[in-house]
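Got your viewer open? Let's take a walk through this model, one selection at a time.

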Amino acid sequence: MLLEIDDVSLLYGRIQALHGISLTVDEGEIVALIGANGAGKSTTMRAISGIRPVATGSIRFDGEDITKLRADLRVRRGLCQAPEGRGIFPGMTVLENLDMGAYTRRDRAGIAQDLDRVLGLFPRLAERRKQHGGTLSGGEQQMLAVGRALMSRPKLLLLDEPSMGLAPMLIQQIFDIIVEINQQGTTVLLVEQNAQQALARAHRAYVLETGRIVKSGTGAELLHDPAVKEAYLGVA
Ligand code: ATP
């Protein structure tokens, strides 16, 4: 098991956002976390990446307990979250942004190889490599955020709403790229409002409701689950 979350609770002051969440991600999988607004999807990601401390429970990654490990040290171990809200560096060029993603690495040859790979995955970024991040379109910034995360060569890539705010055609594209990234060997845990697309691509998925996991299964099982269809896929 690459990631193992056991009975994790998390508080924001007096508000309890997670109530004993348990989930696992196996090497090679795409796992999706779906749920309504405020269900605790982003909070789960923050607990995993170490941005917020957990109140109880444990998180194991790649064979080690990382429950109390600092966020930057988790990145060094191969756990990388593409920034929420496209947090790229607007004053830096596309290439400089991608370089920043490799800041924990010293293997120059490997970095060059990954840069080629990222520019291959995102031809739009290749065309705009000298352009400042802040002048990219929303969709391009989203791609840059994913590309930058890949530059750390993560064992597990955490993606929080990669399709947020994108036009339908770009949503397809970003999901196709996620599948390609996975096929190239990166395990992916992704949070999505866009349940249809996420379930269609994920090997497995969990449904989160008010801070609790209420259901889990293969992507296909959940896609055809009547309750999931009604609540998250907009079909009765
Ligand atoms: P969305 O899809 O709307 O982003 P989500 O499933 O990602 O929703 P979270 O952002 O994880 O949900 O929020 C879970 C709960 O925790 C919500 O009730 C939210 O109001 C609360 N919450 C989130 N961040 C904070 C914070 N910094 N301080 C206090 N409460 C918070």
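Start by selecting lysine 155, which is partly exposed, with a relative accessible area of 39%. Keep in mind as you look around that this is a predicted model. Now add aspartate 62 to the selection: this residue is partly exposed too, at 36% relative accessible area. Lysine 155 and aspartate 62 form a salt bridge, and their closest N and O atoms sit 2.8 Å apart. Color the stretches on either side to see what this pair does. Lysine 155 lies in the loop between helix H6 (138-150) and strand E7 (156-160), while aspartate 62 lies in the loop between strand E4 (56-61) and strand E5 (64-65), so the salt bridge ties together parts that are 93 residues apart in sequence.

Next stop: glutamate 140. Is this residue buried or exposed? Glutamate 140 has a relative accessible area of just 5%, and because buried means under 20%, it counts as buried.

Keep glutamate 140 selected and add arginine 124. The two form a salt bridge, with 2.7 Å between the closest N and O atoms. Glutamate 140 belongs to helix H6 and arginine 124 to helix H5 (residues 123-127), so this pair links parts of the chain that are 16 residues apart. Arginine 124 itself is partly exposed, at 33% relative accessibility.

Now add arginine 128. Glutamate 140 forms a salt bridge with this residue as well, the closest N and O atoms being 3.2 Å apart. Arginine 128 is in the loop between H5 and H6, 12 residues away from glutamate 140 in the chain. With 21% relative accessibility, arginine 128 is partly exposed.

Want a whole cluster? Select Arg105, Asp107, Asp114 and Arg153: salt bridges with shared partners join them into one network. Across the whole structure, a search finds 12 salt bridges.

Last stop: the ligand. Which residues come nearest to the ligand? Out of 13 residues around it, those are Asn37, Gly38, Ser42, Thr43 and Gln193.

Zoom in on three of these, each beside an oxygen atom of the ligand:

- Serine 42: a backbone N or O atom lies 2.8 Å from a ligand oxygen.
- Threonine 43: a side-chain N or O atom is 2.4 Å from a ligand oxygen.
- Glutamine 193: a polar side-chain atom lies 2.8 Å from a ligand oxygen.

Taken alone, the ligand exposes 630 Å², and the protein buries 62% of that. Finally, show helix H1 (residues 41-49), which gives the most to the shell around the ligand, with 4 residues. Color the shell by class and you'll get 4 nonpolar, 6 polar and 3 charged residues.

Definitions and conventions
Residues are numbered from 1 along each chain as its sequence is written. This is a predicted model: local features need pLDDT of at least 70, side-chain atom pairs count only at pLDDT 80 or more; totals for chains, interfaces and linings use all residues. Side-chain values use heavy atoms; hydrogens and water are left out. A residue is near a molecule or strand if one of its heavy atoms lies within 4 Å of it. A polar contact is a pair of N or O atoms within 3.5 Å; within protein, one must be able to donate a hydrogen and the other to accept it, and residues adjacent in sequence count only if both atoms are side-chain atoms. Accessible areas come from the Shrake-Rupley method with a 1.4 Å probe; for residues, only the protein chains shown count as cover. Helices (H or I, at least four residues) and strands (E, at least two) are DSSP runs, numbered from the N terminus. Ala, Val, Leu, Ile, Met, Phe, Trp, Tyr, Cys and Pro count as nonpolar, Asp, Glu, Lys and Arg as charged, and the others, Gly among them, as polar. A salt bridge is a side-chain nitrogen of Lys or Arg within 4 Å of a carboxyl oxygen of Asp or Glu. Buried means under 20% relative accessible area, exposed over 50%, partly exposed in between (1.4 Å probe, protein chains only).
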